[in-house]
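Let's take a friendly walk through this model, one stop at a time. Have the viewer open and follow along.

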There are 4 protein chains.
Amino acid sequence: MADPLILTLSCEDRPGITARVTGFLFERGCNIVDAQQFCDRTGAVSVDRFFMRVAFDPIGTGPDTLRAAFSKFAADYAMDWTIVSQDRPRRTIIMVSKFDHCLVDLLYRWRTGELNIDPVAIISNHPREATTDIDLAGIPYHHLPVSKDTKADQEAQVRQIASEADAELVVLARYMQIFSDEQSAHFSGRCINIHHSFLPGFKGARPYHQAHERGVKIIGATAHFVTADLDEGPIIHQDVERITHADSAADLVCKGRDIERRVLAEAVRLFVEERVLMNGGRTVIFRA
Amino acid sequence: MADPLILTLSCEDRPGITARVTGFLFERGCNIVDAQQFCDRTGAVSVDRFFMRVAFDPIGTGPDTLRAAFSKFAADYAMDWTIVSQDRPRRTIIMVSKFDHCLVDLLYRWRTGELNIDPVAIISNHPREATTDIDLAGIPYHHLPVSKDTKADQEAQVRQIASEADAELVVLARYMQIFSDEQSAHFSGRCINIHHSFLPGFKGARPYHQAHERGVKIIGATAHFVTADLDEGPIIHQDVERITHADSAADLVCKGRDIERRVLAEAVRLFVEERVLMNGGRTVIFRA
Amino acid sequence: MADPLILTLSCEDRPGITARVTGFLFERGCNIVDAQQFCDRTGAVSVDRFFMRVAFDPIGTGPDTLRAAFSKFAADYAMDWTIVSQDRPRRTIIMVSKFDHCLVDLLYRWRTGELNIDPVAIISNHPREATTDIDLAGIPYHHLPVSKDTKADQEAQVRQIASEADAELVVLARYMQIFSDEQSAHFSGRCINIHHSFLPGFKGARPYHQAHERGVKIIGATAHFVTADLDEGPIIHQDVERITHADSAADLVCKGRDIERRVLAEAVRLFVEERVLMNGGRTVIFRA
Amino acid sequence: MADPLILTLSCEDRPGITARVTGFLFERGCNIVDAQQFCDRTGAVSVDRFFMRVAFDPIGTGPDTLRAAFSKFAADYAMDWTIVSQDRPRRTIIMVSKFDHCLVDLLYRWRTGELNIDPVAIISNHPREATTDIDLAGIPYHHLPVSKDTKADQEAQVRQIASEADAELVVLARYMQIFSDEQSAHFSGRCINIHHSFLPGFKGARPYHQAHERGVKIIGATAHFVTADLDEGPIIHQDVERITHADSAADLVCKGRDIERRVLAEAVRLFVEERVLMNGGRTVIFRA
């Protein structure tokens with residue numbers, strides 16, 4: 001069997017898109033395995049917008065041939081689209097600071113085959129020793145310290161590493177530095193951050209301390225795309241847990257680790273399975 | 001705009017079904033609003049089985065014309081299928097015994113427009129006074145007491161009422177009588193029961209007392225289709241809540257009421273929105 | 001058996017409080033059924049603060065005798081404290097506007113005996129017809145319309161009704177008017193509001209529309225004490241539900257109704273069972 | 001400050017226990033930090049049973065002096081009781097087979113200081129290479145293969161290791177061998193197993209496949225004490241996650257790993273913090 005492919009697309013809504021897209025694939029002998037669509041009619045924008053994800057076996061047709069043909073088709077609809085392999089691991093850079101629970105978790109899920117990533121680099125603003133107990137399995141570890149003065153240089157190094165590794169995804173796994181606007185723009189749509197609060201509840205620093213101070217009864221974490229507007233990027237996934245008055249801020253930090261690692265892992269899984277489509281400041285998530 | 005329609009179908013999987021179904025609708029000028037599909041490849045059966053739900057605006061084409069045309073098309077695939085109105089309320093019979101929390105909840109959701117049902121009858125084995133505080137809004141209330149000797153007759157009366165009211169759905173809203181095999185078969189696929197336990201955990205009588213006795217830390221409820229094999233019908237929806245050692249069996253009954261009513265309401269919603277497809281002893285649920 | 005009593009108290013922490021309080025009750029022949037305590041050492045305040053709830057059978061001692069004796073004891077510790085009947089229903093006013101789902105739910109739970117309240121009045125800024133389908137069971141319904149000019153008068157009327165009914169609790173069951181600072185202060189610590197968002201996420205008006213606009217993946221509701229600072233009162237209970245991109249703002253409103261009514265009901269239950277103690281801008285909740 | 005201590009006890013209920021226990025501690029100058037109690041009046045047994053957990057600073061009094069004094073006191077009530085250090089890590093043996101996700105998770109939480117255990121040995125029926133990627137941090141790894149013929153010997157070796165290491169807790173972290181009745185009895189009350197199903201739903205082998213076959217909409221995991229009656233030991237903690245028709249049995253196994261590891265870790269935390277008291281076939285859990 002040929003390598004299964006995934007087509008994702010979005011465009012202004014028009015009658016017949018589903019039929020024409022599935023017809024396009026059928027005519028070329030492709031067998032649709034899964035198809036989902038969504039039309040945003042919520043008036044957030046002046047026109048309705050259509051989103052689709054199709055997983056299919058291309059049978060005899062090569063991906064390049066399909067892409068060439070679909071390119072013409074897609075132009076008629078002014079589509080944003082991709083056709084990519086379903087099974088090829090996504091080349092991923094993981095960025096981290098001192099807290100390594102998300103890093104450890106991502107690497108474990110990668111090893112068990114649960115997360116279909118290819119970790120091409122780990123970048124930290126702290127030395128290798130900060131995560132000393134972890135077996136990094138030979139993944140290159142780049143220690144790129146950063147200060148106010150060196151920030152521009154350090155970000156250029158990150159771009160350089162990403163470029164050389166041909167990285168498709170950058171995961172900020174509790175990377176405690178804020179990207180500059182340029183860096184955010186550079187990695188737009190392919191950089192996922194885990195924010196240790198249930199956005200938009202507690203933006204800014206020390207969200208668990210804010211949550212404790214406010215006396216909320218549930219805390220959460222948010223995985224979102226990185227944008228120039230900090231804490232405001234399109235949300236991919238969120239989860240929560242119940243807390244009580246007896247939990248100190250330190251307890252919340254501890255409980256939060258569990259939420260953070262599973263929210264981030266789920267967001268990465270959704271991304272590498274091509275289940276996340278951008279819809280302005282929001283996302284469309286096609287779950288199985 | 002014409003009344004939107006919903007097509008649901010299932011059949012043995014074959015290449016091209018999605019393309020041909022959506023093509024069929026496109027050729028007739030219908031505009032697809034939402035489409036979901038699923039192929040069961042889990043080997044539970046010897047062949048893969050394909051399921052699909054399409055919501056569409058028929059534009060100019062009448063439902064009868066579409067059904068006639070689709071009928072021929074469907075025969076080629078030996079499909080189970082329906083094409084029904086999206087907006088027409090489903091004629092629904094609600095059956096109840098002494099506990100009326102699910103009845104009250106369903107009626108409230110009907111009145112607010114949340115549940116698109118048309119309650120054509122309420123049937124109880126207890127007199128109207130058992131639910132005395134509720135405004136039944138003029139829905140006919142049938143008191144059909146039942147004993148071992150009268151069970152066959154009583155069930156015939158239920159069928160008679162259902163037949164005369166042209167009922168499309170029978171909801172057992174904590175109806176504490178067990179259907180005979182004949183009755184279960186008669187209402188197969190259109191009778192939903194709420195079981196006050198997280199099946200298959202505590203089958204049989206007094207499940208909350210069983211749960212308390214066993215010392216579980218989470219209880220739940222299960223909405224399922226009624227089949228001859230009690231407590232074994234295809235599951236439509238389940239939900240749970242956390243409990244503690246301090247909850248008595250009576251507390252569990254009380255907490256259970258909340259779970260029961262929201263699980264049953266959700267199952268009814270899924271059913272009337274044509275989101276529930278039968279897959280042997282299981283269900284395929286196409287959520288929005 | 002005598003009517004069981006509940007003692008709640010808070011004071012600055014000192015060694016021996018638990019022993020002395022339980023000893024006090026033991027010496028008077030009372031039998032402790034349940035006792036919980038909590039010491040807030042989180043540094044939110046300069047001194048540690050101690051909280052306690054004790055449920056006990058007074059056996060032969062009358063509540064007034066106990067109160068008189070405890071009063072002297074409590075003065076030594078500068079305690080905030082109450083000794084109240086466990087089983088006596090709390091006289092409760094329910095305030096409502098157009099949306100009646102919380103009102104309906106509270107009345108149902110009252111009728112089933114789940115909520116130990118005595119609904120002494122319903123107050124609405126809309127006429128009785130706005131909630132036409134509900135059987136109000138003879139509870140006085142006060143239609144008190146309000147405008148900018150009449151607000152002070154209307155609030156005085158509310159206080160008058162509360163005073164005459166000797167109300168212990170005022171529940172804002174989706175009452176869409178904002179209390180003045182005076183009104184908030186008047187009902188301080190005995191007025192619970194349901195806010196239809198997961199605070200502090202979406203303060204202000206139309207929170208579900210805000211949530212939809214932001215693209216969050218989970219929505220919630222918050223029951224809190226009313227304070228002058230709107231949306232900032234001490235939180236009693238919160239709950240959430242998962243949503244998707246396919247949910248419109250209208251869908252969120254609909255899903256929100258379920259969360260609102262169960263969050264508000266749980267907060268009322270906690271209050272009438274004397275399980276909610278105030279801790280500055282936060283609460284201590286002693287669950288069973 | 002002296003090492004904080006935790007007193008746990010259970011006995012037949014009698015008036016005054018709380019007052020006398022807290023009085024006992026107060027008289028000896030101890031300062032109670034946290035106290036919780038529960039009386040089981042549910043009629044599961046012919047007499048009410050009382051449970052209590054008290055965390056306290058002993059100030060000047062040594063634990064041995066306290067134990068000696070409390071011993072006499074406790075005899076009057078025929079109490080089951082312990083007084084133990086709050087902060088001393090519990091000597092823990094982790095047993096594992098091929099699946100190492102729970103082992104990895106426990107070790108990570110140990111390293112971050114979240115779990116207050118002292119891992120004195122890892123025992124597996126598979127060789128060290130089965131968990132090759134993990135840094136075991138120098139914890140002794142015992143490969144004790146087992147077959148029908150060698151089971152008695154192997155279990156004796158486990159007891160020998162536990163005895164030499166003075167182990168207080170044995171955690172079956174997806175150890176796929178069933179303890180003999182003798183072994184279960186030997187480790188009674190100090191051996192926790194993670195069962196990869198939401199008991200009592202799917203007992204026996206391959207629970208995720210059973211769950212898939214049955215078509216449930218929620219799966220879970222259960223941490224319980226090991227008893228001779230497999231899958232029937234007192235439940236300590238449970239958690240669940242929602243699944244859909246699209247999840248294969250393999251998907252459930254994968255999703256289950258997350259639930260298993262967090263349920264087991266929470267059960268171990270509750271145990272080492274002395275929050276789990278046995279109540280016949282059930283548990284009393286005193287959460288913070």
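Start at Phe51(C), which has a relative accessibility of 0% and therefore counts as buried, the cut-off being under 20%. Bear in mind as you look around that the model is predicted. Another ring to pick out is Phe38(C), also buried, with a relative accessible area of 10%.

Now look at how these two rings sit together. The centres of Phe38(C) and Phe51(C) are 6.3 Å apart and their planes meet at 25°, so this pair is stacked. Phe38(C) belongs to strand β2 (residues 31–40) of chain C and Phe51(C) to strand β3 (residues 49–57) of chain C, so the pair links distant parts of the chain, 13 residues apart.

Which strands pair with β3 in chain D? Strand β1 (residues 5–12) of chain D does so in the antiparallel sense, over 8 bridges, and there Ile6(D) stands opposite Ala55(D) of β3(D). Strand β2 (residues 31–40) of chain D also runs antiparallel to β3(D), joined to it by 9 bridges. In that pairing, Ile32(D) has Phe56(D) as its bridge partner. Of the 9 residues of β3 (residues 49–57) of chain D, 8 are buried, so the strand is largely enclosed by the rest of the structure.

Back in chain C, Asp80(C) is found in strand β4 (residues 80–85). Asp80(C) and Ser10(C) are 70 residues apart in sequence, yet their C-alpha atoms are 5.3 Å apart in space. Leaving aside residues up to four places away in sequence, Asp80(C) touches Thr8(C), Leu9(C), Ser10(C) and Arg49(C).

Aromatic rings deserve a stop of their own. Over all chains, the count comes to 38 aromatic pairs. One of them joins Phe24(A) and Phe73(A), at 5.4 Å centre to centre with 45° between the planes, a tilted arrangement. Phe24(A) lies in helix α1 (residues 17–27) of chain A and Phe73(A) in helix α2 (residues 63–77) of chain A, so the pair ties together parts 49 residues apart in sequence. Both Phe24(A) and Phe73(A) are buried. They also belong to one aromatic cluster together with Phe70(A), Tyr77(A) and Trp81(A).

Rings can have charged neighbours too. In chain B, Arg28(B) lies over the face of Phe24(B), at 3.8 Å from the ring centre. In chain D, Arg128(D) lies over the face of Tyr141(D), at 5.8 Å from the ring centre.

Stay in chain D for its open sheet, where 7 strands follow the order β7-β6-β5-β8-β9-β10-β11 with mixed pairing. At the edges are β7 (141–143) and β11 (235–242) of chain D, each pairing on one side only. From one strand to the next, the twist averages 20°. The edge strand β11(D) is joined by 7 bridges to strand β10 (residues 218–225) of chain D, and the two run antiparallel. Here Ala223(D) has His237(D) of β11(D) as its bridge partner.

Finally, step back to compare whole chains. A turn of 180° with a shift of 0.0 Å along the axis lays chain A on chain C with an RMSD of 0.0 Å. The two copies are thus related as by a two-fold rotation axis. The same surface serves both copies, as 100% of the contact residues of chain A recur in chain C. Which residue of chain A comes closest to the rotation axis? That is Gly201(A), whose C-alpha is at 2.1 Å.

Key
Residues are numbered from 1 along each chain as its sequence is written. Chains are lettered from A and ligands numbered from 1 in the order in which they are written. This is a predicted model: local features need pLDDT of at least 70, side-chain atom pairs count only at pLDDT 80 or more; totals for chains, interfaces and linings use all residues. Side-chain values use heavy atoms; hydrogens and water are left out. Copies are superposed by least squares on the C-alpha atoms of residues with pLDDT of at least 70 in both. Contact means heavy atoms within 4.5 Å. Rings of Phe, Tyr and Trp (its six-membered ring) pair if their centres lie within 6.5 Å; planes under 30 degrees apart count as stacked, over 60 as edge-to-face and the rest as tilted. Helices (H or I, at least four residues) and strands (E, at least two) are DSSP runs, numbered from the N terminus. Buried means under 20% relative accessible area, exposed over 50%, partly exposed in between (1.4 Å probe, protein chains only). A charge sits over a ring if NZ of Lys or CZ of Arg is within 6 Å of the ring centre and within 35 degrees of the ring normal. Two strands pair if DSSP finds at least two bridges between them. Axes are lines fitted to C-alpha atoms, for helices over the stretch in contact, and angles run from 0 to 180 degrees between N-to-C directions.
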